[in-house]
Amino acid sequence: MMRFPKRCVLFLIKVVIFIGINEGVSVISLLLLGLPNRPLPWDWIRIASQGFYSAVIIAWLFTAFASVAGVLMVQGGLQRAIGQSVCLGLSGFLIVNTLTLIVFGFWTQSAITGYPWTTYQLISTLPLHSEAMTQFILCALGASLVVTLIASTKSMSALEAAKKTFGQAHFATAIETYRAGLFASSGIVLGIAYGKILRLNGFESVLVTAPTGSGKTAAIAIPNCLEWQGSGIFNDLKGELFKLTGEFRQNKLQQQVYCFAPANPQLQTHGYNPFFYVSDNPNLMIRDLQLIAEILIPSERVDGGFWYTSARDLFILLAIYLIETNGIATLAELHDVSKQENFFEWLYVQVKEEAINNPVFYQNANSLLNSDAEKTQKNILKDFHSRMTLFADPMVRAATRKNDFDLRKLRQEKMSIYLNIPDSDKERLRPLLTLFWAQCIHVLTQTEPNLNEEPYPVLALLDEFGNMARINKLKEGMSFLRSYRVRAVVIVQYLSQIISTYGQHDAKGFLNTKVKIAFALNDLDDAKFFSASLGNKTVKVRSSSSSMGQHESSSKNTSFQSRPLMTPDEIMQLKKDDEIILLEAAMPVRAKKCWWFRNKFYK
């Protein structure tokens with residue numbers, strides 16, 4: 001099939017629009033003059049040449065206003081609200097004209113059609129200072145007053161209802177959405193409303209609650225991967241983000257792109273070694289090692305283990321030993337060293353040789369060697385092995401033996417890092433994923449960035465956040481990240497995932513995020529939370545009653561009542577394309593999901 005060049009298509013569209021506008025002017029001009037001729041696009045020129053300038057000017061003004069309104073409504077956003085106002089104004093003008101003609105015809109007992117365009121013909125025939133002209137002006141003023149009163153009465157009745165103490169919640173209008181700053185040209189993509197993509201500018205973070213299969217990847221993750229201009233770190237459990245957006249970010253956005261895939265059977269992965277970020281400064285080295293140990297050997301375990309403190313000491317001393325002897329350690333090497341025969345005899349020899357310069361090594365070693373019983377030592381070692389068994393996996397060993405990117409340069413250079421951990425391995429690799437994010441946040445929040453040296457903001461897309469272990473630096477929520485030019489999009493299936501990890505108190509730091517998005521929920525508690533957050537509105541309720549007996553009677557009552565803006569069951573029954581956006585200090589927005597494959601902006 002033959003395809004026309006894009007320029008030809010645009011030219012044809014412009015020609016059609018030009019002809020359509022001229023046709024509209026000709027139609028209106030002929031209607032104003034009451035001429036029955038079949039209009040052609042150039043007829044308005046012939047009409048003007050006959051001296052009917054006023055009719056042509058009115059036709060052009062009306063057509064121009066209607067065209068502008070149409071263009072504004074197509075553009076969406078605040079422009080759509082302005083276009084709707086222009087349409088309402090034109091409609092009000094036509095209604096006033098029609099009402100004026102009807103009242104004037106009734107007053108003067110004359111047969112006048114109520115078509116609004118006959119107003120021009122009537123004014124043209126009435127003498128300027130005649131009684132009929134005075135009557136017409138009075139009719140026009142009266143019609144204008146009636147329309148104004150009807151519109152104001154409707155506004156006043158809505159205002160009176162809003163004044164009730166039952167609640168004033170409502171979904172944001174286009175103007176309110178504009179005032180909330182969501183029609184920004186850049187920022188985190190939230191959804192679509194009033195025909196325009198909603199973006200959150202600034203450095204606030206976003207919490208998304210979206211059950212499995214609700215479209216969080218296609219409507220949240222992919223649009224942000226395609227739009228975000230700064231550096232980014234993306235949880236990519238399915239590998240879909242890297243396949244669809246990695247090449248685009250590398251070629252179009254000029255980014256260095258990496259994919260950390262520790263479960264890739266072909267060992268096709270970039271490397272991440274957490275010891276790469278351990279400081280050479282002896283005063284900071286122990287702090288950095290303790291961070292790694294706390295994540296890999298957490299204090300709370302489902303099986304009730306209580307050897308974690310000694311296991312952490314063992315982790316730190318082995319890390320110091322490898323750094324001192326090899327220059328850098330790897331997690332696989334720590335696992336291998338701890339697995340050698342007669343481990344505690346080997347450790348005793350290392351202490352006696354005094355070849356290690358770090359005093360913490362000897363403190364931890366002596367603490368372990370001086371344990372009360374041989375059984376205690378075996379239990380400590382057994383607990384350590386249970387935490388480190390992940391690093392016996394050849395795929396994980398290959399992915400953590402080197403370091404291909406530097407998290408400390410995320411704000412200095414444009415960089416994209418994808419974390420590809422499949423669903424089938426997410427539980428097994430949970431410690432490694434948590435360690436990556438904990439270390440990343442630790443590195444990025446050491447000092448506030450210097451904009452001259454670190455000009456690029458960072459987007460942290462934490463999909464499946466509920467499957468990550470606790471990160472202590474996030475226990476107060478994500479609000480502190482904005483000082484470091486880091487923005488987070490946290491995606492969970494249920495809010496209870498955050499509560500179970502951080503506890504009821506610390507979870508409030510996430511639940512109080514300034515921007516929250518909810519897709520159709522399948523958890524009743526989550527639906528109740530969002531319903532309560534949306535607030536209540538005032539509704540007018542009409543009731544009637546009747547009594548049967550010797551004398552039948554009936555009564556009707558009207559009252560105001562409070563009703564949630566959306567009930568929990570309404571939130572759970574949201575359509576597949578719909579979402580709710582909650583904003584701090586602004587009305588919520590009822591929006592559509594920004595499906596990347598449906599939006600021409602991304603194509």
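This report walks through the cavity, the salt bridges, a surface patch and some single residues of the model above.

The model is predicted, so to speak of local features a pLDDT of at least 70 is needed, side-chain atom pairs count only at pLDDT 80 or more, and totals for chains, interfaces and linings use all residues. Residue numbers start from 1 along each chain as its sequence is written, and side-chain values use heavy atoms, with hydrogens and water left out.

**The cavity**

Let's start inside. There is one cavity of 30 Å³ or more in the structure, and the volume of the largest cavity comes to about 90 Å³. It has 13 lining residues, and the closest to the centre are Trp437, Ile441, Ala460, Leu462 and Leu481. Here a cavity is a set of points on a 1 Å grid, over the protein atoms alone, where a 1.4 Å probe fits but cannot get out, and lining residues have an atom within 4 Å of a point. Grid points are joined across faces, edges and corners, and the volume is the space filled by probe spheres set on the points.

Which elements each supply at least two residues of that lining? They are helix H17 (430-444), strand E7 (458-462) and strand E8 (486-492). H17 gives the largest share, four residues. Helices (H or I, at least four residues) and strands (E, at least two) are DSSP runs, numbered from the N terminus. As for chemistry, the lining divides into 13 nonpolar residues, no polar and no charged. In this scheme Ala, Val, Leu, Ile, Met, Phe, Trp, Tyr, Cys and Pro are nonpolar, Asp, Glu, Lys and Arg are charged, and the others, Gly among them, are polar.

**Salt bridges**

A search of the whole structure turns up 20 salt bridges, each one a side-chain nitrogen of Lys or Arg within 4 Å of a carboxyl oxygen of Asp or Glu. Three of them are set out here.

| Pair | N to O distance |
|---|---|
| Lysine 514 and glutamate 204 | 3.6 Å |
| Aspartate 423 and lysine 426 | 3.9 Å |
| Arginine 470 and aspartate 506 | 2.8 Å |

The salt bridge between lysine 514 and glutamate 204 links distant parts of the chain, 310 residues apart: lysine 514 is in the loop between helix H19 (508-511) and strand E9 (515-518), and glutamate 204 is in the loop between strand E2 (196-200) and strand E3 (206-209). Lysine 514 counts as partly exposed because its relative accessibility is 29%; the cut-offs are under 20% relative accessible area for buried, over 50% for exposed and in between for partly exposed (1.4 Å probe, protein chains only). Glu204 and Lys514 also belong to a network of salt bridges with Arg482 and Glu584.

In the pair of aspartate 423 and lysine 426, aspartate 423 is partly exposed at 40% relative accessibility, and lysine 426 is partly exposed too, with a relative accessible area of 23%.

The side chains of arginine 470 and aspartate 506 meet at 2.8 Å, N to O. Arginine 470 sits in the loop between E7 and E8 and aspartate 506 in helix H18 (residues 496-506), so this pair ties together parts 36 residues apart in sequence. Arginine 470 is partly exposed, at 29% relative accessibility.

**A nonpolar patch**

On the surface, Phe11, Leu12, Val15, Phe18 and Ile19 make a nonpolar patch of about 490 Å². Patch residues have over 30% relative accessible area and no salt bridge, and nonpolar side chains (Val, Leu, Ile, Met, Phe, Trp, Tyr) are joined within 5 Å. The areas come from the Shrake-Rupley method with a 1.4 Å probe. Leucine 12 belongs to helix H1 (residues 6-33) and is partly exposed at 47% relative accessibility.

**Backbone oddments**

Two residues have a positive phi although they are not glycines: tyrosine 194 at about 55° and arginine 485 at about 60°. Tyrosine 194 is in the loop between strand E1 (188-193) and E2, and is partly exposed with a relative accessible area of 28%. Arginine 485 is in the loop between E7 and E8. Is arginine 485 buried or exposed? Arginine 485 counts as buried because its relative accessible area is 16%.

Now two glycines. Glycine 77 lies in the loop between helix H3 (53-75) and helix H4 (78-108) and is buried, with a relative accessible area of 0%. Its C-alpha is 16 Å from that of cysteine 87, ten residues apart in sequence. Glycine 142, in helix H6 (residues 131-162), is partly exposed at 30% relative accessibility. The C-alpha atoms of glycine 142 and leucine 99 are 9.1 Å apart, with their positions 43 residues apart along the chain.

Key. On a 1 Å grid over the protein atoms alone, a cavity is a set of points where a 1.4 Å probe fits but cannot get out, and a pocket is an open set with protein on both sides within 12 Å along at least five of seven lines; lining residues have an atom within 4 Å of a point. Patches are made of residues with over 30% relative accessible area and no salt bridge: like charges are joined within 9 Å, nonpolar side chains (Val, Leu, Ile, Met, Phe, Trp, Tyr) within 5 Å.
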